[in-house]
Amino acid sequence: MFTFNLINESNAHAILSWRYEPLYDLYNYSEQEANLLQHILHPQNTFYSIVDENGELVAYG
């Protein structure tokens, strides 16, 4: 079971630090994209964090 919540700052920081192996490394955020934090957190953009039954952040959307 998964729970969707409006994203908070802690989860946004975690998401921006996620790193993927090639072929998916195009989804890695660079240092220059750190300004995305404000974009992700802005309520008008309605990003959600998705957590599993253990409260572990597993995705966002």
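With which residues is Leu37 in contact, once its neighbours within four places in sequence are left aside? In the predicted model examined here, the residues that meet this description are Glu9, Ala12, His13 and Leu16. Two of the residues named, Ala12 and Leu16, also appear with Leu37 in the largest nonpolar core, and the description of the interior is therefore taken up after an outline of the fold.

The secondary structure of the protein comprises 2 helices and 3 strands, and these elements follow one another along the sequence in the pattern β-α-α-β-β. The C-alpha trace extends over about 30 × 25 × 15 Å along its principal axes, while the accessible surface amounts to about 4700 Å², with 54% of this area belonging to carbon and sulfur atoms. Of the 61 residues in the protein, 23% are buried. When contacts between residues at least 6 apart in sequence are considered, 57% of them join residues that are at least 24 apart.

The largest nonpolar core consists of 9 residues, namely Ile7, Ala12, Ile15, Leu16, Tyr29, Leu37, Ile40, Phe47 and Leu57. Helix H1, which covers residues 9-17, and helix H2, which covers residues 36-41, each supply at least two residues of this core, and H1 gives the most to it, with 3 residues. Towards the end of the chain, Leu57 is a member of this core, and strand E3 covers residues 57-60.

The strands are joined in antiparallel fashion. Strand E1, spanning residues 3-6, is connected by 4 bridges to strand E2, spanning residues 48-51, and the two run antiparallel. Strand E2 also pairs with strand E3 in the antiparallel sense, in this case over 3 bridges. The pairing of E2 with E3 takes the form of a hairpin with 5 residues between the strands, and in its turn Gly55 adopts a positive phi of about 80 degrees. Individual bridge partners can be assigned on both sides of E2: Leu6 has Tyr48 as its partner in E2, Ile50 stands opposite Ala59 in E3, and Ser49 has Tyr60 as its partner in E3.

Within strand E2, Ser49 is buried, with a relative accessible area of 2%. Apart from neighbours within four places in sequence, Ser49 is in contact with Thr3, Phe4, Asn5, Leu6, Ile7, Asn11, Leu57, Ala59 and Tyr60. In contrast to Ser49, Leu6 of strand E1 is exposed, since its relative accessible area is 54% and the limit for exposure is set at over 50%. Leu6 is also one of the residues, together with Phe2, Phe4, Tyr48 and Val58, that make a nonpolar surface patch of about 510 Å². Leu6 and its bridge partner Tyr48 are thus both listed among the members of this patch.

Several backbone features fall in the loops. A cis peptide bond joins Pro22 and Leu23, with omega at about 5 degrees, and Leu23 has its place in the loop between H1 and H2. With respect to the sheet, Leu23 and Ser49 are 26 residues apart in sequence, and their C-alpha atoms are 24 Å apart in space. In the loop between H2 and E2, Thr46 has a positive phi of about 40 degrees although it is not a glycine. The relative accessible area of Thr46 is 42%, and this residue is accordingly partly exposed.

Ser17, which is found in helix H1, is likewise partly exposed, with a relative accessible area of 46%. The C-alpha atom of Ser17 is separated by 9.5 Å from that of Glu31, a residue 14 positions away along the chain.

How values were computed:
Residues numbered from 1 in each chain as written. Predicted model: local features only at pLDDT ≥ 70, side-chain atom pairs only at ≥ 80, totals over all residues. Heavy atoms only, no water. Core = buried A, V, L, I, M, F, W, Y, C linked by side-chain atoms within 4.5 Å. Buried < 20%, exposed > 50% of the residue type's maximum accessible area, 1.4 Å probe, protein only. Contact = heavy atoms within 4.5 Å. Patch = residues over 30% accessible without salt bridge, like charges linked within 9 Å, V, L, I, M, F, W, Y side chains within 5 Å. Areas by Shrake-Rupley, 256 points an atom, 1.4 Å probe, with all protein chains shown as cover. Salt bridge = Lys/Arg side-chain N within 4 Å of Asp/Glu carboxyl O. Pairing = 2+ DSSP bridges.
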